[in-house]
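Welcome! Take a moment to look over the chain below, and then we will walk through it together, from the overall picture to a few single residues.

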Amino acid sequence: SIAVAESTGVLVAGEMAQGNVFLRLKDGVAHTSVIPPDVIGARHVTAMTVDAAGRVYCGTDGAGVIVFEGDTWSVHPVTAYLPPFYDTGLKPVDDILISDDGVLYVASQRIVIRWWPDGQ
């Protein structure tokens, strides 16, 4: 998955031999890190977006939505509201978007969930 934001540069997330890798390219400098397995499990990034503050939101094929802020990864609280895929417990995300007013939209299994910046 790839995203571009003025504040953070070009962002790429994908699977490599060492696991799920996150790459940031800004001003000609590349920064690479592995997405922690305890955050993403054995899942893959399917979508990515960046908010005005530079937080990176990654949708996955089963771990829900994960967030990169500063240099820390975490699972976003919206994941609790995503429908599980049958009996698997996986919460796949098809696409994500941050609107100009900071609302997070998550498309998952033919539904869209909105998450307002104050956590509603």
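In what order do the elements of the chain run from the N terminus on? The order is β-β-β-β-α-β-β-β-β-β-β-β. Counted up, the secondary structure comes to 1 helix and 11 strands. Please keep in mind that you are looking at a predicted model.

**The chain as a whole**

Here are some overall values for the chain.

| Property | Value |
|---|---|
| Box filled by the C-alpha atoms, along the principal axes | roughly 45 × 35 × 20 Å |
| Radius of gyration of the chain | 14 Å |
| Exposed area of the chain | about 6800 Å² |
| Distance between the centres of the positive and negative side chains | 3 Å |

Why can we call the radius of gyration what a compact globule would have? Because a compact globule of 120 residues would come to near 14 Å, and the chain has 14 Å, the two agree.

Buried residues make up 40% of the 120 residues. As for the exposed area, carbon and sulfur atoms supply 54% of it. Among contacts with a separation of 6 or more, 36% are between residues 24 or more positions apart in the chain. The charged side chains number 7 positive and 14 negative.

**A hairpin to find**

Now look for strand 9, which covers residues 95-98. Which of its residues are on the covered face, and which on the uncovered one? Ile96 and Ile98 form the covered face, while Asp95 and Leu97 form the uncovered one.

Strand 9 pairs with strand 10 (residues 104-108) in the antiparallel sense, over 4 bridges. Within this pair, Leu97 stands opposite Tyr105 of strand 10. The two strands form a hairpin with 5 residues between them. In the turn you will find Gly102, which has a positive phi of about 90°.

**Pro117 and the turn**

Next, move along to Pro117, in the segment after strand 11 (111-115). Is Pro117 buried or exposed? Its relative accessible area is 59%, and exposed means over 50%, so Pro117 is exposed.

Which residues does Pro117 contact, leaving aside its neighbours within four places in sequence? They are Asp101, Gly102 and Val103. Gly102 is the turn residue of the hairpin formed by strand 9 and strand 10 that we met above. Val103 and Pro117 are 14 residues apart in sequence, yet their C-alpha atoms are 5.9 Å apart in space.

Key
Residues numbered from 1 in each chain as written. Predicted model: local features only at pLDDT ≥ 70, side-chain atom pairs only at ≥ 80, totals over all residues. Heavy atoms only, no water. Rg over C-alpha atoms; globule rule 2.2 N^0.38 Å. Buried < 20%, exposed > 50% of the residue type's maximum accessible area, 1.4 Å probe, protein only. Contact = heavy atoms within 4.5 Å. Areas by Shrake-Rupley, 256 points an atom, 1.4 Å probe, with all protein chains shown as cover. Lys, Arg positive; Asp, Glu negative; His and termini not counted. Charge placed at Lys NZ, Arg CZ, Asp CG, Glu CD. Pairing = 2+ DSSP bridges.
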